[in-house]
Amino acid sequence: MAGARSRNFEGWPLFANSFRPFFLLAAIQAGLSILAWLPMFYGELSVTSAFAPRDWHVHEMLYGFLPAVITGFLFTAIPNWTGRLPIQGTSLGALLVVWLAGRAAVTFSAEIGWMLALVLDAAFLALVVAAATREIIAGGNWRNLPVVALVLVLLAGNIGFHLEAHHAGAADVSIRVGIGVVVLLIALIGGRIIPSFTRNWLVKFNPGRLPVPFGRFDGMVVGLSAVALIAWIFAPLNVITGAVMALAGVLHLVRLARWAGDRTSRERLLLILHVGYVFVPLGFLLHALAGFGALPPSAGIHAWMAGAAGTMTLAVMTRASLGHTGQALTASPATKAIYAAIVLSALARVAAVVCPAQSDMLLHVAAFGWIAAFLGFAIAFGPLLAGSRRRALATMGVLAPSR
């Protein structure tokens, strides 16, 4: 990695780093969106969106919440990749305003019109792709361009979502495109950071067997996953798709076993990365069963989205928030509670599909677990991200003290 450059920032600390506003507001949006979705699901609440209720819910998770987290991570990582200055201050604030405008445009798209909503919503990812491409090319960091290429596909999926929902009444294909991109991003980025972070911790605190770093086997697994996901996008319930999904799931389990996650139980901040990644092979295997007609396809979708995406985003958000603000890299009681809530939520959401007789109860457990996890993150980490009351929170034990 190139060394990150920095400059003094004298404004509000919230806009000193990209992860600060995007992690905080993404967490708030994720919690509030599910808080609204449960009564929408039961017909007790409606929004003035041009999307059908299900599509509004999926869009705000897939193309609203997750792009904000991806942006916070990407623009925090790029200075390390390229050695260039980070995006801060006014530029960062303007990017945040565009994201917020997209959220409002989608929610009120029935009033402002679907075309204007598309333009306002798509503008955010378009700016992210343009800025990230500029920084990576200027820094000569070509090896990370595939990450930006996946974000470009996510942008295409978002545009397709609006077009498909308007012209076909539902955005099924565009939903699968977005989910496919998210799974590949987790497989690609997770496959680099999980063994790296695990190795660093094990060398220092628990010497012995170490994880295998990213290599040819990992590249093969990611490539096969891409093939399986493309097949799933266009033929989700095909037997051949199911077979490829099964193979990808098994290989992801082998990949995970090579990372020595069983040796990280003493540090929950690290263990949660391995737990979150478990939902990647689980999603592939559940989709394999769906391809053979044994399960509804939504079981695999929720393993990937509530499980892999939900858990991995919180794992990265908590770790990055602590590490980049000078806190100790260890999980406080509040952080452990956040992790427990998101894992419970993910398991309950998958179980609601597998056990339809208990679906109502399990849906409530999943919703409340998700809300507790993300609004809990906003409450516990918000003052830290906004740059205030850090020492008071550390003293109270809400955050680990810096060392």
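# Notebook: salt bridges, cores and helices

I started with arginine 258, which at 28% relative accessibility counts as partly exposed. That label fits because partly exposed covers the range between under 20%, which is buried, and over 50%, which is exposed. A reminder to myself: this is a predicted model.

**Entry: aspartate 218 and its partners**

Which residue does arginine 258 pair with in a salt bridge? I found aspartate 218, with the closest N and O atoms 3.9 Å apart. The two sit in distant parts of the chain, 40 residues apart: aspartate 218 belongs to helix 8, while arginine 258 lies in the loop between helix 9 and helix 10 (268–291). Is aspartate 218 buried or exposed? I have it down as buried, because its relative accessible area is 0%.

Aspartate 218 also has a salt bridge with arginine 255, at 2.7 Å from N to O. Here I noted that arginine 255 is in helix 9 (residues 239–257) and aspartate 218 in helix 8, so this pair ties together parts that are 37 residues apart in sequence. Both aspartate 218 and arginine 255 are buried.

A general note I keep beside this: side chains of opposite charge can pair when their charged atoms come close.

**Entry: arginine 54 and aspartate 55**

Next I looked at two residues side by side in the numbering. Arginine 54 and aspartate 55 meet through their side chains in a salt bridge of 2.6 Å, N to O. I checked the cover on each of them. Aspartate 55 counts as buried because its relative accessibility is 2%, whereas arginine 54 is partly exposed at 38%.

How many salt bridges are there by this rule? I get nine, taking a bridge as a side-chain nitrogen of Lys or Arg within 4 Å of a carboxyl oxygen of Asp or Glu.

**Entry: leucine 224**

Staying with helix 8 (residues 216–234), I picked out leucine 224. It counts as buried because its relative accessibility is 18%, and the cut-off is under 20%. What does leucine 224 touch, apart from neighbours within four places in sequence? I listed Val244, Leu247, Ala248 and Leu251. I also looked up the gap to threonine 241, which is 17 residues along the chain from leucine 224: their C-alpha atoms are 12 Å apart.

**Entry: the cores**

Then I turned to the nonpolar cores. The largest one has 123 residues, and those with the most contacts inside it are Leu62, Phe65, Phe284, Trp370, Phe374 and Phe377. Helix 7 (residues 172–205) gives the largest share of this core, 16 residues. A second core, separate from that one, has six residues, including Leu286, Leu295, Ala299 and Ala303.

I followed up phenylalanine 377. Setting aside residues up to four places away in sequence, its contacts include Phe23, Ala27, Leu314, Met317, Thr318 and Leu385.

**Entry: threonine 335**

Where is threonine 335? I found it in helix 12 (residues 333–354). It is buried because its relative accessible area is 1%. Beyond its neighbours within four places in sequence, threonine 335 is in contact with Leu269, Thr318 and Phe381. I also tried a long jump in the chain: tryptophan 81 is 254 residues from threonine 335 in sequence, and 28 Å from it in space, C-alpha to C-alpha.

**Entry: helix 1**

Helix 1 (residues 19–41) has 23 residues. From its first C-alpha to its last it reaches 31 Å, and I noted that this is close to the 33 Å expected at 1.5 Å a residue. Why do I call helix 1 largely enclosed by the rest of the structure? Because 17 of its 23 residues are buried. After helix 1 comes glycine 43, with a positive phi near 75 degrees.

**Entry: a patch on the surface**

Last, I looked at the outside. Which residues make the nonpolar surface patch of about 330 Å²? I wrote down Phe108, Ile112, Leu116 and Leu120. Among them, I looked up isoleucine 112, which is in helix 4 (residues 109–112). Isoleucine 112 is partly exposed because its relative accessible area is 36%.

Notes:
Residues numbered from 1 in each chain as written. Predicted model: local features only at pLDDT ≥ 70, side-chain atom pairs only at ≥ 80, totals over all residues. Heavy atoms only, no water. Patch = residues over 30% accessible without salt bridge, like charges linked within 9 Å, V, L, I, M, F, W, Y side chains within 5 Å. Areas by Shrake-Rupley, 256 points an atom, 1.4 Å probe, with all protein chains shown as cover. Helix = DSSP H or I, 4+ residues; strand = E, 2+ residues; numbered from the N terminus. Buried < 20%, exposed > 50% of the residue type's maximum accessible area, 1.4 Å probe, protein only. Expected span 1.5 Å × (residues − 1). Core = buried A, V, L, I, M, F, W, Y, C linked by side-chain atoms within 4.5 Å. Contact = heavy atoms within 4.5 Å.
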